[in-house]
Amino acid sequence: MNLAIANGQGGIGVIVYNGRPYFAVTQTSGDSGNVHHLETSTDLASWREIAFSNAAFDRYRLASEGRVGFFRLRSLDADGASDWTNQLDVFDQRIFTAPGAGGLRNPPFAKFTVELRNPERVYFQDSDRYPFHFDFARARLPHYKEISFRDYVRISLFSQQQELLLGTVILPPDPSITEVAIQFTGNDAFAIEDVAKWFQFVRSRVVVPEGWRFLYLPTFEQSAPAFENLEWFAEQGITVDTVARWVTENACYSTGWALGRVKVLAASEIHAAYGDGRLSHHDILVTDQIPAEIPVVAGVLAMKPATPNSHVAILSRSFGIPFAYPSGSALQEQFRALDGREVLLVVSVIDGECEIRVQDVEGQLSEARRREILESRRPPVAKIRPIVHSGTYHLDTASLTPDDSGRVGGKGANFGLLRQSIPENAPAPAIALTFDLWTEFMSQTIGTLGGMTLGESIAADLEGFSFPPDVSALRPVLEAIRERIRVAADFSPNQKQAVAAALGSVGFDDRERVRFRSSTNVEDSDFFSGAGLYDSFSGCLADDTDGESEGPSGCDPEESNERGVFRAIRKVYASFYNENAFIERLRHGVDESKVGMAMLVHHSFPDESEQANGVATLRILRSADASRIVEATMVSQTGAESITNSDNAFLP
């Protein structure tokens, strides 16, 4: 390799390390606020920038294949555009996000982008100024200044047309841990060979003190191939791990106490164990990680960190179920060793620290004392507004208030308050389908039901169950009910015509995907949040009106099957009889004859256009002088990564 060196305003030298060429700044003119431009030329007349750094270059490696030319370093004063760098120092507070309050929720991170047409440059962005990759690309990458968000997602998150590689460099929340983690973001699973190549290159652009370790922390989409090939990655000198390695203290997601028998189960076993009786409502679940949904149990301990505002966490707080992550292998082994024994579990926050206490009470309680303790844990009866007849199948949400939950359910009624409060930032148009449609749907007769209406057959099937139910007997009954609603039942021609007219009257186009969101009068109450119990689905009216049942969908040519709106509505109705939903109504003593499913309807926002999502929760505290303090907690994630039904592989 031939390199001719031309010194610019700052001194520059080329060194060879393990047979590879690096640039090293030998001296820098100007003050410490200067930025540095590394340029190349073949004729000493025209110069092209190949790297930029907001600090002195430190062994900046160049690809050696065919590299012949002249190089210079220009040191200039920093300006407003100096909000990125091609070489990242782990102590560079201009690029990393400012440290938060500490703990797993606030690790410093720096996002980066690589143009795959020129993989030699890694663009590390000021992650406070540009919280999203998209914003940085439009501001600082010349080829992408005018790109739309949809096109940006297409070329960055999907490998088939990928032009950009997105990722993040993450530092431990504890500054005493001398490690750096690298993540790559994509909706497709990348080839492990590409991941290894990208990892080593990004690693070469990060400056760390001697002795620091680099880790690969795969995101959800990349986790399966990463953990299936741990030995292969190790052979490449890459350590694969999860963010759990950095948790140095317990995490309390829901405080409270519970008396129950410890059941140690893998997350993959929970559903089956609840069905066959190995796990019951009165047990304390100890599991390796938290899936998107678990049955309601007495208490939950997860051996890997969870998402603070997942449905499991929200429901646990709503029902007073202790839910925590115990940190440290010793404490975790202590809980595993209690498998099958009766214990008293207390999860509390004292002086800002999460404390998890457990007492083995096996054989120490009389049956009378046990009943007395468990009786004190009985939840209050849920306060609901019974179904009210509205005389119409739909209402405009603009005029709805929380008092309308008896007509359109909690989600639809509260959405009216949202539209009135922030009209410029609430989806519109939006309507609510009333309980009138549900009531008439449940009043239809189906030939196979022996003259009973759909609603009467469901009531007969569920009549013998009380809390706690025999889940092995209840589960097939609920499956049959959901199938009856989705497949055997249907809407009348008049009902279909009225719903289609309602959608058209507010401006929904036949070829527009519309979201039908569950909205019941058994949610959003003082003692019953209903979070995560019911399901929502999208539908396309053109698929109902095109006169045929073959795909593709009229709203999405890439969807091979039709996805009509009435199919979506029936699926939402069926979710009223989801297992956890019905069991929770049993637990709270809800009268099934007074409740049902309405719907909130607005435009569907597909994953590929979603820029961020999150969950916010509020807690109102009243002091002795009757004043109020409102505590708000929000957990968010860029893109369509789920917060409410989360996977442990990504960091919210």
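Select Ile 485, Phe 516, Tyr 573 and Tyr 577 to begin: of the 70 residues in the largest nonpolar core of this predicted model, these four touch the most other members. Then colour helix α16, which supplies the largest share of this core with 7 residues. Staying with Tyr 577, display its surroundings beyond the neighbours within four places in sequence, and the contacts that appear are Trp 438, Met 442, Ile 458, Leu 462, Leu 478, Ile 481, Arg 482, Ile 485, Arg 585 and Glu 592. Before leaving the cores, select Phe 96, Leu 165, Val 202 and Ala 226, which are included in a second, separate core of 30 residues.

**The open sheet and its helices**

Next, show as cartoon the open sheet of 5 strands, whose order is β24-β25-β28-β26-β27 and whose pairing is antiparallel. The edges are formed by β24 (394–396) and by β27, each of which pairs on one side only. Looking across the sheet, you will find neighbouring strands turned against each other by 30 degrees on average, with direction ignored. Helix α10 (residues 405–421) packs on this sheet and touches β24, β25, β26 (514–520) and β28, while the direction of α10 makes about 115 degrees with that of β26. Now add helix α11 (residues 435–442), which lies across β25, β26 and β28 and runs at about 125 degrees to β28.

Within the sheet, zoom in on strand β25 (residues 430–433), which is joined to β28 by 4 bridges, the two strands running antiparallel. Ile 431 is a convenient residue to label here, since Val 601 in β28 stands opposite.

**Ala 598 in strand β28**

Continue along β28 (residues 597–603) to Ala 598. Is this residue buried or exposed? Ala 598 has 1% relative accessibility and therefore counts as buried. With residues up to four places away in sequence left out, Ala 598 touches Arg 407, Val 408 and Gly 409, then Leu 433, Thr 434 and Phe 435, and also Arg 517, Ser 518 and Ser 519. For a sense of scale, draw a C-alpha to C-alpha distance from Ala 598 to Gln 125: the two are 45 Å apart in space and 473 residues apart in sequence.

**The hairpin of β22 and β23**

Move now to strand β22 (residues 342–350), which 8 bridges join to β23 in an antiparallel arrangement. Ile 350 has Glu 353 in β23 as its bridge partner. The two strands form a hairpin with 2 residues between them, and Asp 351, in the turn, has a positive phi of about 55 degrees.

**The disulfides**

Finish with the cysteines, where the count comes to 2 disulfides. Cys 252 and Cys 354 form one of them, with sulfur atoms 1.9 Å apart. This pair links distant parts of the chain, Cys 252 lying in strand β17 (residues 251–254) and Cys 354 in strand β23 (residues 353–360), 102 residues apart. The torsion about their S-S bond is about 80 degrees, so the disulfide is right-handed, and both Cys 252 and Cys 354 are buried.

Cys 540 and Cys 555 also form a disulfide, with sulfur atoms 2.1 Å apart. The link of Cys 540 and Cys 555 is right-handed, with 85 degrees about the S-S bond. Cys 540 sits in the loop between β27 (537–539) and α15 (542–545), and Cys 555, 15 residues apart from Cys 540, in the loop between α15 and α16 (565–574). Cys 540 counts as buried at 1% relative accessibility, and Cys 555, at 17%, counts as buried too, the cut-off being under 20%.

How values were computed:
Residues are numbered from 1 along each chain as its sequence is written. This is a predicted model: local features need pLDDT of at least 70, side-chain atom pairs count only at pLDDT 80 or more; totals for chains, interfaces and linings use all residues. Side-chain values use heavy atoms; hydrogens and water are left out. A disulfide is a pair of cysteine sulfur atoms within 2.5 Å. Buried means under 20% relative accessible area, exposed over 50%, partly exposed in between (1.4 Å probe, protein chains only). Contact means heavy atoms within 4.5 Å. A nonpolar core is a set of buried Ala, Val, Leu, Ile, Met, Phe, Trp, Tyr and Cys residues joined through side-chain atoms within 4.5 Å. Two strands pair if DSSP finds at least two bridges between them. Axes are lines fitted to C-alpha atoms, for helices over the stretch in contact, and angles run from 0 to 180 degrees between N-to-C directions.
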